[in-house]
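Student: Could we go through this one together? I'd like to know what stands behind each label.

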Amino acid sequence: MSDLSLWLDGAGALVGVGGLGVAKVRAPRLYWATVGLPVTWGRFSLSYRATMDVCGLTVQPSGLRAFMSRRIARGEVQPVPPKIRRVRGTSTGLRVTLRLPAGLEPADIAAASERLRHAWGVHAVHVIPSKPGHVELRMTGYDVLRRVRMPKKAAPHDLVVPVALRGDGTAYVRNYREIPHALTLGANQSGKSMYQRNLIKGLAQLPLALVGIDCKRGVEQSRYAARLSALATNPDDAASLIDVLVAEMEDRFDLLAKYGVSDLWELPGHLRPAPVVVLVDEIAELFLISSKKDEDRRERIVTGLIRLAQLSRAVGIYLEICGQRFGSELGKGATMLRAQLTGRVVHRVNDKQTAEMGLSDVAPESVPAACTIPADRPGLAVAADASGGWGRIRTPLTSVEETAAVCREFAHLIPDLPALEPFRPVVRPVPVPASSIPPMPTRAPAIP
Ligand SMILES: Nc1ncnc2c1ncn2[C@@H]1O[C@H](COP(=O)(O)OP(=O)(O)OP(=O)(O)O)[C@@H](O)[C@H]1O
């Protein structure tokens, strides 16, 4: 078989004929589509019953079934594996829907996923409970997080933004209506900015207001100024901006009260104010103070953020907070604020405590996974939420220029929110690359 295999260059282009191993490593997606999928499909179909049996995923047949086998088919009474309802090949793996027999639960299948992965020779088997009595096995044929390619269908819509790829090959999305506030943690160079960059790229395409708070003098977020409704680049401006957001929240509650509804989305479209996503680049900058006189400002910021986190979901104001650590050492109010941020993404961390700060209150069993993220895989993270579910994700490599270009393209989507107008950042003209500037004429043009 290996004699018929392909040689592929780094970009995945076909350049010759050679060993399968090269194709498998250098163009895993193409290898999977041409060789891996049919081989795995065959292996799965031929060995399904035996594999489920040796993995302990079968049950004794019902009395009627045993009777039928013994008396009518005159055969041996076989243990019963989950019924295969559907098998579907995808560009990253194989999806199998199983109907569980009485006596098996999704946790039994999940506990055997490592054995199943080895039995069928796939990279990973993820077990997703679908409707009651059913599970979906999402097998991936190769490590999809090595070189991330987002599924083609993943596009921002409503308040749902695809940000990264999950280990099972599906898109990890930030759905603001399901999980209004989120926290992203990670050590230096772990990929936090890349995560925010992908998020901004998606959010920029939606009709909402983007508010940036980047107290590192705006070095990260000012590049996206064209699409920002407001930007604060120092703690004093951040305090004033948060006060304005709290006032905006109160005005919106007045509006809800006036129309007798309890949620922004119950208002008729023409009355509904635009949703606001507040992106805080480094939360510690808002908490830490250098002198006693900064204490009042800190108190103002923390109280404002806690009020927003507790109440603002109903009026369409959402928080997206980023930081290296977020524990009680930041001071009064830190853990209270953190408890409201129910979406969690933890990149590589320097110590176990940081992983615990991000994950132990929502999905404690994911802490070891966050502690073992290798340094040579920036962008890899553990994502969890208050439902207890968690998984590994990785952002696609996106350049600042790409995101800034999307921000410029969708600048017309900036909604009209007069309260934020004083904080609107100045948009600097895009620097023109030197190569595109025409050379200066060396001679004066001829006068006609
Ligand atoms: N998903 C990814 N795939 C490949 N490379 C990545 C990915 N995410 C981040 N990187 C690379 O890792 C490096 C650090 O990323 P990034 O700046 O996002 O980290 P950070 O956590 O924000 O760091 P810091 O806290 O120092 O600002 C960058 O060179 C970036 O290109």
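What follows is a conversation about the terms used for this predicted model.

Student: Let's begin with the whole chain. How many helices and strands are there?
Tutor: The secondary structure comes to 13 helices and 16 strands. Buried residues make up 38% of the 448 residues.

Student: Now the ligand. Which residues come nearest?
Tutor: There are 13 residues around the ligand, and Gly191, Ser193, Met194, Pro378 and Gly379 come nearest. Helix H6, residues 192-203, gives the most to that shell, with 3 residues. By class, the shell divides into 3 nonpolar, 8 polar and 2 charged residues.

Student: What does UniProt say about this stretch?
Tutor: An unreviewed UniProt entry places the feature "binding site" at Gly186, Ala187, Asn188, Gln189, Ser190, Gly191, Lys192 and Ser193. Gly191 and Ser193 are in that record and also come nearest to the ligand.

Student: Why is Ser190 called buried?
Tutor: The label needs 20 or more other C-beta atoms within 10 Å. Ser190 has 24, so Ser190 is buried. Ser190 lies in the loop between strand E9 (182-185) and H6, and touches His347, Arg348 and Pro378, leaving aside residues up to four places away in sequence.

Student: And what makes Lys192 buried?
Tutor: The cut-off is again 20 or more, and Lys192 has 26 other C-beta atoms within 10 Å, so Lys192 counts as buried. Lys192 sits in helix H6. With residues up to four places away in sequence left out, Lys192 touches Thr184, Gly186, Cys322 and His347.

Student: Why is Gln324 only called partly exposed?
Tutor: Buried takes 20 or more neighbours and exposed takes 12 or fewer. Gln324 has 17 C-beta neighbours inside 10 Å, so Gln324 counts as partly exposed. Gln324 is in the loop between strand E13 (317-323) and helix H10 (334-340). Beyond residues up to four places away in sequence, Gln324 touches Leu185, Gly186, Ala187 and Ala284. The C-alpha atoms of Gln324 and Glu282 are 7.4 Å apart, although 42 residues separate them along the chain.

Student: On to the sheets. Why are E3 and E5 said to stand at the edges?
Tutor: The open sheet has 4 strands in the order E3-E4-E6-E5, with antiparallel pairing. Strand E3 (83-89) and strand E5 (124-129) each have a single partner strand, so one side of each is left without a neighbour in the sheet. The twist averages 20° from one strand to the next. Helix H5 (residues 113-120) packs on the sheet, touching E5 and E6, and its direction makes about 135° with that of E5.

Student: How do you know that E4 and E6 are paired?
Tutor: Pairing needs at least two bridges. Strand E4 (residues 93-99) and strand E6 (residues 134-140) have 7, in the antiparallel sense. Val96 stands opposite Leu137 in E6.

Student: What makes E15 a mostly covered strand?
Tutor: In strand E15 (residues 380-384), 5 of its 5 residues are buried. Leu380, Val382 and Ala384 lie on one side and Ala381 and Ala383 on the other, and both faces are covered.

Student: Which strands pair with E15?
Tutor: Strand E14 (residues 343-346) is joined to E15 by 3 bridges, running antiparallel, and Arg344 stands opposite Ala384. E15 also pairs with strand E16 (residues 390-394), antiparallel over 5 bridges, with Ala384 opposite Trp390. At least two bridges are required for a pair. E15 and E16 form a hairpin with 5 residues between them, and Gly388 in the turn has a positive phi of about 95°.

Terms used:
Residues are numbered from 1 along each chain as its sequence is written. This is a predicted model: local features need pLDDT of at least 70, side-chain atom pairs count only at pLDDT 80 or more; totals for chains, interfaces and linings use all residues. A residue is near a molecule or strand if its C-beta atom, placed from the backbone, lies within 6 Å of it. Helices (H or I, at least four residues) and strands (E, at least two) are DSSP runs, numbered from the N terminus. Ala, Val, Leu, Ile, Met, Phe, Trp, Tyr, Cys and Pro count as nonpolar, Asp, Glu, Lys and Arg as charged, and the others, Gly among them, as polar. Two residues are in contact if their C-beta atoms, placed from the backbone, lie within 7 Å. UniProt positions are given in the numbering used here, feature names are shortened, and annotations may be inferred rather than shown by experiment. Axes are lines fitted to C-alpha atoms, for helices over the stretch in contact, and angles run from 0 to 180 degrees between N-to-C directions.
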